[in-house]
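Colleague: Could you walk me through one hairpin of this model, and then what surrounds that part? Here it is for both of us.

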Amino acid sequence: MGSVSILLTGCGLASLQTARTVPRGETQTTVAVSYLRNDQPYFIIPPLPIDFMVRHGATDQIDFGGRVFLGLGILGDVKWNLLPRDRRTALAVSVGAGGAAYPGSYKGTEIIHVPVGVTASHAVTSWFTPYASIGYGAYWIFNYADRDPTITYAARTGTGDGLLMAHLGIELSRASGRALLLEYTYARPVVDDPGDQFSFTTNHFFSIGFHSGDGPPLLSR
């Protein structure tokens, strides 16, 4: 079984958002680049994953989004802020689903991903919001490697491969809502299905991102 790092372009593993949802009817676009560090050898230069995400406000406390996932896939999710939007503190839960396929490389690998998470943030000032989140990502990986018919392989457990995800970040925003995001992400494998011939390694992401405005922050409480 090979131990591999996260694929390079459009990982979709950084959070790049506070717990505060995009206002109803507004759309927010986020672009970010990360420095990826793990125990795998690099080819000439270290990998620099690029993230692209679009979110839209469905209600005052619920938004939904879509983002590039592992380069050739799409990941969608819904986020619900459990607290009133006009509070400085926000607490949100999110759940998503997505997939990616590699018809040429990676031996036609297909990936299904289901993430869940909890995010908390607090607007200290109108322009400074620290945030933190923790979550779990389940991955089901198919056709990662050719199977030798003369070898007996471990059976799939059905659990997939699981990553524990932790994010710490700050959002530095302008009155328009446009913002700079600085974030650290820790991704640690906690579940491994030996039947898929694949294994994650621990990854560290250091990300810088920018997102379009979603209106001025509401800081009445």
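Which residue in β10 stands opposite Ser173?

Modeller: Ala179 is the one facing Ser173, over in β10. Before we dig in, a bit of housekeeping: this is a predicted model, with local features needing a pLDDT of at least 70 and side-chain atom pairs counting only at pLDDT 80 or more, while totals for chains, interfaces and linings use all residues. Residues are numbered from 1 along each chain as its sequence is written, and side-chain values use heavy atoms, leaving out hydrogens and water.

Back to your hairpin. β9 covers residues 161-173 and β10 covers 179-191, and the two run antiparallel with 12 bridges between them. (A strand is a DSSP run of E with at least two residues, numbered from the N terminus; two strands pair when DSSP finds at least two bridges between them.) Five residues sit between the two strands, and in this hairpin Gly177 takes a positive phi near 100°.

β10 has another partner too: strand β12, residues 203-211, joined to β10 antiparallel by nine bridges. If you want to trace the register, put Glu183 opposite Ser207 of β12, and Thr185 against its bridge partner Phe205.

Now zoom out. Your hairpin belongs to a closed barrel of 10 strands, running β2-β3-β4-β5-β6-β7-β8-β9-β10-β12 with antiparallel pairing.

What about the packing? The largest nonpolar core (buried Ala, Val, Leu, Ile, Met, Phe, Trp, Tyr and Cys residues joined through side-chain atoms within 4.5 Å) has 17 residues, and Leu163 is one of those touching the most other members, along with Phe69, Leu70, Ile111, Tyr139, Ile141 and Phe200. β9 gives two or more residues to this core, as do β8 (128-142) and β11 (198-200). Leu181 turns up in a second, separate core of six residues, which also includes Ala14, Leu16 and Met53.

Elsewhere in the barrel there's a charged cluster to look at. Arg55, Asp63 and Asp77 are linked in a network of salt bridges, a salt bridge being a side-chain nitrogen of Lys or Arg within 4 Å of a carboxyl oxygen of Asp or Glu. The closest N and O atoms are 2.9 Å apart for Asp63 with Arg55, and likewise 2.9 Å apart for Asp77 with Arg55. That second pair links distant parts of the chain, with Asp77 in β5 (residues 73-81) and Arg55 in β3, 22 residues apart. In relative accessible area, Asp63 is at 0%, Arg55 at 2% and Asp77 at 15%, so each of them counts as buried (under 20%, with over 50% being exposed and partly exposed in between, using a 1.4 Å probe and protein chains only).

The count comes to four salt bridges. One of them joins Asp60 and Arg24, with the closest N and O atoms 3.8 Å apart. Asp60 is in the loop between β3 (50-57) and β4 (62-69), and Arg24 in the loop between β1 (2-4) and β2 (27-37), so this pair ties together parts 36 residues apart in sequence. Here Asp60 is partly exposed at 40% relative accessibility, and Arg24 is exposed at 52%.

How far to trust all this? The chain averages a pLDDT of 85, and 83% of the residues score at least 70; pLDDT is the predictor's confidence in each residue, from 0 to 100. Over residues 1-9, though, pLDDT stays under 50. Where pLDDT is low, the predicted coordinates should not be read in detail.

Technical notes: Helix = DSSP H or I, 4+ residues; strand = E, 2+ residues; numbered from the N terminus. Contact = heavy atoms within 4.5 Å.
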